[in-house]
Structures are given as structure tokens and as C-alpha cells.
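Here are some exercises to work through with the sequence and the 3D view side by side. Try each task yourself before you read its solution.

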Amino acid sequence: MSYEKNHKEIFSRLSKKSTGVLGTIDKNLNTVRLRVMYYGLDDNFNCYLMSTKDSPKIEQILVSPDISFIVFDLVEPYDESWEIEINGYAKILNNKEEINY
């Protein structure tokens, strides 16, 4: 599969869904924390998540911005199900002007 076709397929699948599972690191408890989140996606594959300022996940991201995010779809037959795992870092955006979604 070519890079361009693969890119389009991944973007198409991510655009069809609105929820995924976010993984952050809780350094205080030395554990990984998972939670379901709504997300938006811009044309550059930037994934936008929204949370309240006093959320534990915000505190965890400020301490360690490394995150994982998984989007998936379970369909029948199950061999047509798919998942996309995104590993990267999170950045806290405070201004609407910074959001391209």
C-alpha cells in the first residue's frame, strides 16, 4: 500500500469516529491511566481532546506529556474490525486561536 493511500485510509477511519481511549502516565501512582475521550482531527492529523483545567489527566500531561491514543471499530465479521494507535506527546492549548479543528 502506498504512503498516500495509507495516509488517506487512516485519515478516513479517524474522521468517521469521535471517541478513543487516551493513555497517560500518573507519576504519583506509577501507573498508566486510561479513559474514553471525544476527539476532533484536523487536516494535519493533529488530534484535539477537551478537558477541564483541574482534571487529573491535565495534571498528568503537565508532568509527562507522553501519551497514547487508540481509536477502534468493532464490526462483524470481526476480521474487518480495526484499530489505530497514536503515540506522541500532548500539548495544552489555552486559546481558541491555537485550535484548528
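**Exercise 1. Find where Thr-19 sits, and decide whether Thr-19 is buried, partly exposed or exposed.**

Step 1. Thr-19 lies in strand 1; helices (H or I, at least four residues) and strands (E, at least two) are DSSP runs, numbered from the N terminus.

Step 2. The relative accessible area of Thr-19 is 31%. Buried means under 20%, exposed means over 50%, and partly exposed is in between (1.4 Å probe, protein chains only). Thr-19 is therefore partly exposed.

Step 3. Now look at what surrounds Thr-19. Setting aside neighbours within four places in sequence, Thr-19 is in contact with Val-36, Met-37, Tyr-38, Tyr-39 and Val-71, where contact means heavy atoms within 4.5 Å.

Step 4. For a longer view, go from Thr-19 to Lys-57: they are 38 residues apart in sequence and 16 Å apart in space, C-alpha to C-alpha.

A note on the source: this is a predicted model, in which local features need pLDDT of at least 70 and side-chain atom pairs count only at pLDDT 80 or more, while totals for chains, interfaces and linings use all residues. Residues are numbered from 1 along each chain as its sequence is written, and side-chain values use heavy atoms, with hydrogens and water left out.

**Exercise 2. Write down the order of helices and strands in the protein chain, and say which strands pair with strand 4.**

Step 1. Count the elements: the protein chain has 2 helices and 5 strands.

Step 2. Read them from the N terminus, and the order is α-β-β-β-α-β-β.

Step 3. Take strand 1 (residues 19-26) and strand 4 (residues 66-73): they pair in the antiparallel sense over 3 bridges. Two strands pair if DSSP finds at least two bridges between them. To spot this pairing, find Gly-23, which stands opposite Ser-68 in strand 4.

Step 4. Strand 4 also runs antiparallel to strand 5 (residues 82-89), joined to it by 8 bridges. Here, Phe-72 stands opposite Glu-83 in strand 5.

**Exercise 3. Find the salt bridges, and say which parts of the chain each one links.**

Step 1. Apply the rule: a side-chain nitrogen of Lys or Arg within 4 Å of a carboxyl oxygen of Asp or Glu. The count comes to 2 salt bridges.

Step 2. One of them joins the side chains of Glu-9 and Arg-13 at 3.0 Å, N to O. These two are separated by about one helical turn, because they are 4 residues apart in helix 1 (residues 3-16). Both are partly exposed: Glu-9 has a relative accessible area of 29%, and Arg-13 has 28%.

Step 3. Another joins the side chains of Lys-17 and Asp-73 at 3.4 Å, N to O. This pair links distant parts of the chain, with Lys-17 in the loop between helix 1 and strand 1 and Asp-73 in strand 4, 56 residues apart. Lys-17 is partly exposed at 25%, and Asp-73 is partly exposed at 22%.

**Exercise 4. Which residues make up the largest nonpolar core, and which make a nonpolar patch on the surface?**

Step 1. Start inside. A nonpolar core is a set of buried Ala, Val, Leu, Ile, Met, Phe, Trp, Tyr and Cys residues joined through side-chain atoms within 4.5 Å. The largest has 12 residues: Leu-14, Leu-22, Met-37, Tyr-39, Leu-41, Ile-61, Ile-67, Phe-69, Val-71, Trp-82, Ile-84 and Ala-90.

Step 2. Sort them by element: strand 2, strand 4 and strand 5 each supply at least two residues of this core. In soluble globular proteins, nonpolar side chains tend to be buried together.

Step 3. Move to the surface, where Ile-25, Val-32 and Leu-34 make a nonpolar patch of about 290 Å². Patches are made of residues with over 30% relative accessible area and no salt bridge: like charges are joined within 9 Å, nonpolar side chains (Val, Leu, Ile, Met, Phe, Trp, Tyr) within 5 Å. The areas come from the Shrake-Rupley method with a 1.4 Å probe, and for residues only the protein chains shown count as cover.

Step 4. Check one member: Leu-34 lies in strand 2 (residues 31-41) and is exposed at 62%.
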